[in-house]
There are 2 protein chains.
Amino acid sequence: MMRVQRLFFILDRLRARRQPVSAESLAEELGVSLRTIYRDMVTLQSMGAPVRGEGGIGYQIEKGYFLPPLHFDADELDAIIIGMRLVAARGDKPLADAATRASAKISAVLPEDMEDSYYDAPLLAYSVQPKSEEETIDFLSPVRTAVRDRAFIEIHYLNLKDQPSERVIRPLGLTAFEKVWLLTAWCEKSDDFRSFRIDRLQSVQRTGESFRREAGKEFRDYLKSL
Amino acid sequence: MMRVQRLFFILDRLRARRQPVSAESLAEELGVSLRTIYRDMVTLQSMGAPVRGEGGIGYQIEKGYFLPPLHFDADELDAIIIGMRLVAARGDKPLADAATRASAKISAVLPEDMEDSYYDAPLLAYSVQPKSEEETIDFLSPVRTAVRDRAFIEIHYLNLKDQPSERVIRPLGLTAFEKVWLLTAWCEKSDDFRSFRIDRLQSVQRTGESFRREAGKEFRDYLKSL
DNA sequence: GATACCCCTGACAATTTATGTCAGGGTAGT
DNA sequence: ACTACCCTGACATAAATTGTCAGGGGTATC
């Protein structure tokens with residue numbers, strides 16, 4: 001009985017991670033011996049699951065699905081519900097609307113009995129709006145799309161000491177902190193990585209040029225160092 | 001070994017046929033006894049596969065089991081990604097894991113070209129852990145499942161003035177604020193609605209009893225009044 | 001060419017599961 | 001009442017799973 005659960009768990013796990021998973025970490029997580037994991041892998045492969053193991057690396061699952069994703073369990077549904085509500089509460093209008101739409105699409109594919117509990121779920125998210133709600137121009141969405149399109153933008157920024165500056169940057173990524181969104185970018189002026197708080201932006205404008213992301217790896221390394 | 005193949009076969013079979021499949025036909029096809037098929041069904045159900053058996057009909061798989069391909073636009077994808085990462089950052093371990101799994105399942109049903117951008121999306125969520133990270137017992141998940149199951153719980157609570165109390169409550173809902181999770185409940189002792197910060201809970205224990213939600217409407221009204 | 005990580009395989013005894021059989025009970029439609 | 005199913009419990013036997021021990025071999029990094 002334990003075995004079957006384990007096999008499904010392994011599949012799920014390999015699907016979840018892009019990075020290779022070592023047999024040892026699986027063994028530990030599942031409370032079984034290393035040998036058992038190796039045997040499980042043979043079983044999975046013999047059933048046609050596209051799992052590949054490489055020495056010195058770990059296990060990976062090939063793209064394309066051997067088993068279609070299972071339905072969402074109660075915890076996963078909770079995570080989706082609260083996640084979408086968090087975004088709806090903390091994002092700007094376009095992102096909040098998108099969260100609502102995504103939520104609707106997901107609930108549409110749920111079985112009826114789960115669909116009801118999805119909408120009635122007693123999970124809420126609440127967020128205070130950072131500034132006075134009336135006239136705050138929110139730059140989250142323009143910046144977000146600029147990140148997506150890899151478009152250079154020119155910004156007017158007010159740092160935490162209220163010193164204004166103007167610069168052209170490559171917007172690389174966004175991070176949601178407790179209260180603020182942080183934009184990580186490559187600043188052409190400083191020729192280095194810089195972070196900017198979205199709520200301190202005075203203006204955002206695309207220059208029209210776009211960049212290729214040679215900086216991808218460096219960016220990820222930079223993020224890890226934060 | 002035979003067992004695992006059988007379970008996968010049954011899943012495949014139920015997905016293939018729209019019409020109900022009888023346990024007997026499965027037993028015959030797989031060369032096992034009827035009893036074994038029934039036991040297999042229990043196993044599948046215990047793994048969260050919504051296979052339904054009806055007397056006089058046969059077995060069928062519920063609609064939401066296999067997620068159909070979903071199409072999300074770029075903004076919706078952003079919302080899902082950041083939402084799941086927010087939950088992963090702010091929930092406790094079970095909820096964070098669930099967010100990761102849900103994320104993987106969603107990405108698995110995306111068209112191929114969208115899948116890459118899903119994983120590479122430069123959107124991150126970061127959250128400071130509220131207490132010292134070592135020995136904080138996290139009550140989010142037990143409370144969350146109690147809300148789901150409508151189970152009475154007995155809690156030891158330390159209010160913001162550090163006054164301890166002990167009470168039996170009906171956990172009604174959870175709200176995620178910037179830094180803390182708030183539990184809204186009906187308190188039997190006070191005979192009124194009360195709110196509790198999850199991080200101030202000292203202990204949580206189910207009484208074993210459960211309640212029906214007559215309080216549903218009142219709860220929603222109460223929440224609106226906050 | 002060390003070194004550190006990994007994957008992978010075989011064998012064997014102990015334990016845990018799975019299985020068939022027998023004997024019931026339940027439900028829904030006819 | 002009948003049919004055609006699903007479902008459950010008990011129990012002895014057969015089969016699979018598991019950990020342990022003892023290896024072999026590949027890949028990347030320094």
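What share of the atoms of DNA strand D within 4 Å of the protein belong to sugar or phosphate? The share is 63%, and the rest belong to bases. These legends describe close-up views of a predicted model.

**View 1. The protein residues around DNA strand D.** Strand D has 21 residues around it. R6(A), S33(A), T36(A), R39(A) and Y59(B) come nearest. By class, this surface divides into 6 nonpolar, 9 polar and 6 charged residues. Both protein chains take part: α1 (2–16) and α3 of chain A, and α3, β1 (51–54) and β2 (58–61) of chain B, each supply at least two residues. The most come from α3(A), which gives 3 residues.

**View 2. Polar contacts to DNA strand D.** Look at three residues of chain A. S33(A) places a polar side-chain atom 2.7 Å from a phosphate oxygen of strand D. R39(A) turns to a base instead: one of its polar side-chain atoms lies 2.7 Å from a base nitrogen. G56(A) uses its backbone, with an N or O atom 3.2 Å from a base nitrogen of strand D.

**View 3. The protein residues around DNA strand C.** Strand C is surrounded by 21 residues. The closest are M1(A), Y59(A), R6(B), S33(B) and T36(B). Of the strand C atoms that come within 4 Å of the protein, sugar and phosphate account for 61%. The surface has 7 nonpolar, 7 polar and 7 charged residues. Several elements each supply at least two residues: α3 (34–46), β1 (51–54) and β2 (58–61) of chain A, plus α1 (2–16) and α3 (34–46) of chain B. Here α3(A) gives the most, with 4 residues.

**View 4. Polar contacts to DNA strand C.** R35(A) has a side-chain N or O atom 3.0 Å from a base oxygen of strand C. Y38(A) meets the phosphate: a polar side-chain atom lies 2.9 Å from a phosphate oxygen. From chain B, the side chain of S33(B) has an N or O atom 2.6 Å from a phosphate oxygen of strand C.

**View 5. Salt bridges that join chains A and B.** Side chains of opposite charge can pair when their charged atoms come close. R101(A) and E76(B) form a salt bridge, with the closest N and O atoms 2.6 Å apart. R101(A) lies in helix α5 (residues 93–108) of chain A and E76(B) in helix α4 (residues 74–90) of chain B, so this pair joins two chains. R101(A) is partly exposed, at 35% relative accessibility. E76(B) is buried, at 2%. A salt bridge also links D78(B) and R144(A), at 2.8 Å from N to O. D78(B) sits in helix α4 of chain B and R144(A) in helix α7 (residues 140–149) of chain A, so the two chains are joined here too. Both residues, D78(B) and R144(A), are buried.

**View 6. A salt bridge within chain A, and a network.** R52(A) pairs with E54(A), with the closest N and O atoms 3.1 Å apart. R52(A) is partly exposed, at 35% relative accessibility. E54(A) is partly exposed at 41%. Elsewhere, a network of salt bridges links D12(A), R15(A), E76(A), R101(B) and K105(B). Over all chains, the count comes to 34 salt bridges.

**View 7. The nonpolar cores.** The largest nonpolar core has 74 residues. Those with the most contacts inside this core include V143(A), F72(B) and I198(B). Another core, of 36 residues, lies apart from it, with V4(A), I10(B), L30(B) and A49(B) among its members.

Methods:
Residues are numbered from 1 along each chain as its sequence is written. Chains are lettered from A and ligands numbered from 1 in the order in which they are written. This is a predicted model: local features need pLDDT of at least 70, side-chain atom pairs count only at pLDDT 80 or more; totals for chains, interfaces and linings use all residues. Side-chain values use heavy atoms; hydrogens and water are left out. A residue is near a molecule or strand if one of its heavy atoms lies within 4 Å of it. A polar contact is a pair of N or O atoms within 3.5 Å; within protein, one must be able to donate a hydrogen and the other to accept it, and residues adjacent in sequence count only if both atoms are side-chain atoms. Ala, Val, Leu, Ile, Met, Phe, Trp, Tyr, Cys and Pro count as nonpolar, Asp, Glu, Lys and Arg as charged, and the others, Gly among them, as polar. A nonpolar core is a set of buried Ala, Val, Leu, Ile, Met, Phe, Trp, Tyr and Cys residues joined through side-chain atoms within 4.5 Å. Buried means under 20% relative accessible area, exposed over 50%, partly exposed in between (1.4 Å probe, protein chains only). A salt bridge is a side-chain nitrogen of Lys or Arg within 4 Å of a carboxyl oxygen of Asp or Glu.
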